[in-house]
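Here is a short report to read alongside the structure. It starts with the chain as a whole and then visits two residues.

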Amino acid sequence: MKLREKVQLLGDDELTNAMPSRQGIVEIVLRNGTTLRYHMKAVRGTAENPMTRAEVAAKAYDLIAPVFGRTRARRLCDAVWNWKS
């Protein structure tokens, strides 16, 4: 929680309008004043930087489990991955 208090989320119209869309910049200022900065031009989960099947499965489960419960979420995720049309 102490670390969370030090985090600021800032919007940037130029970044919002940039192409490709869904970019992000992380900037960290260390205690000694050094600034570390990374500009991600294709965030994870976009066509330019797709997630693996395992990452999609884990993300889906993590989002569904709090709503449906762990057992039902697991059954649903397994059913979706194993579904044959």
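## The chain and two of its residues

The accessible surface of the protein chain is about 7800 Å², and carbon and sulfur atoms account for 57% of that area. Please keep in mind as you look around that this is a predicted model.

**Overall build.** The protein chain has four helices and two strands. Read from the N terminus, its elements follow the order α-α-β-β-α-α. For 85 residues, a compact globule would have a radius of gyration near 12 Å, whereas the protein chain has 18 Å. Along the principal axes, its C-alpha atoms fill a box of roughly 55 × 35 × 20 Å.

Buried residues account for 14% of the 85 residues in the protein chain. Taking the contacts between residues at least 6 apart in sequence, 11% link residues at least 24 apart. As for charge, the protein chain carries 15 positive and 9 negative charges, and the mean positions of the two groups lie 11 Å apart.

**Two residues to visit.** Now for a look at individual positions. Is Tyr38 buried or exposed? Tyr38 has a relative accessible area of 52%, and because exposed means over 50%, Tyr38 counts as exposed. Asn49, in turn, has a relative accessibility of 19%, so it counts as buried, the cut-off for buried being under 20%.

| Residue | Place | Relative accessible area |
|---|---|---|
| Tyr38 | strand 2 (residues 35-40) | 52%, exposed |
| Asn49 | loop between strand 2 and helix 3 (53-68) | 19%, buried |

**Around Tyr38.** Which residues does Tyr38 touch, leaving aside those up to four places away in sequence? They are Gly24, Ile25 and Val26. With Gly24, Tyr38 has a C-alpha separation of 8.4 Å, and the two residues are 14 residues apart along the chain. Tyr38 itself sits in strand 2, which covers residues 35-40.

**Around Asn49.** The loop that holds Asn49 runs between strand 2 and helix 3. Where does the side chain of Asn49 reach at 2.9 Å? The partner is the backbone oxygen of Ala42. Ala42 also appears among the residues that Asn49 touches when those up to four places away in sequence are not counted, together with Met40, Val43 and Arg44.

Note on methods. Residues are numbered from 1 along each chain as its sequence is written. This is a predicted model: local features need pLDDT of at least 70, side-chain atom pairs count only at pLDDT 80 or more; totals for chains, interfaces and linings use all residues. Side-chain values use heavy atoms; hydrogens and water are left out. The radius of gyration is taken over C-alpha atoms; the globule rule is 2.2 Å times the number of residues to the power 0.38. Buried means under 20% relative accessible area, exposed over 50%, partly exposed in between (1.4 Å probe, protein chains only). Contact means heavy atoms within 4.5 Å. Accessible areas come from the Shrake-Rupley method with a 1.4 Å probe; for residues, only the protein chains shown count as cover. Lys and Arg count as positive and Asp and Glu as negative; His and the chain ends are not counted. The place of a charge is taken as NZ of Lys, CZ of Arg, CG of Asp or CD of Glu. A polar contact is a pair of N or O atoms within 3.5 Å; within protein, one must be able to donate a hydrogen and the other to accept it, and residues adjacent in sequence count only if both atoms are side-chain atoms.
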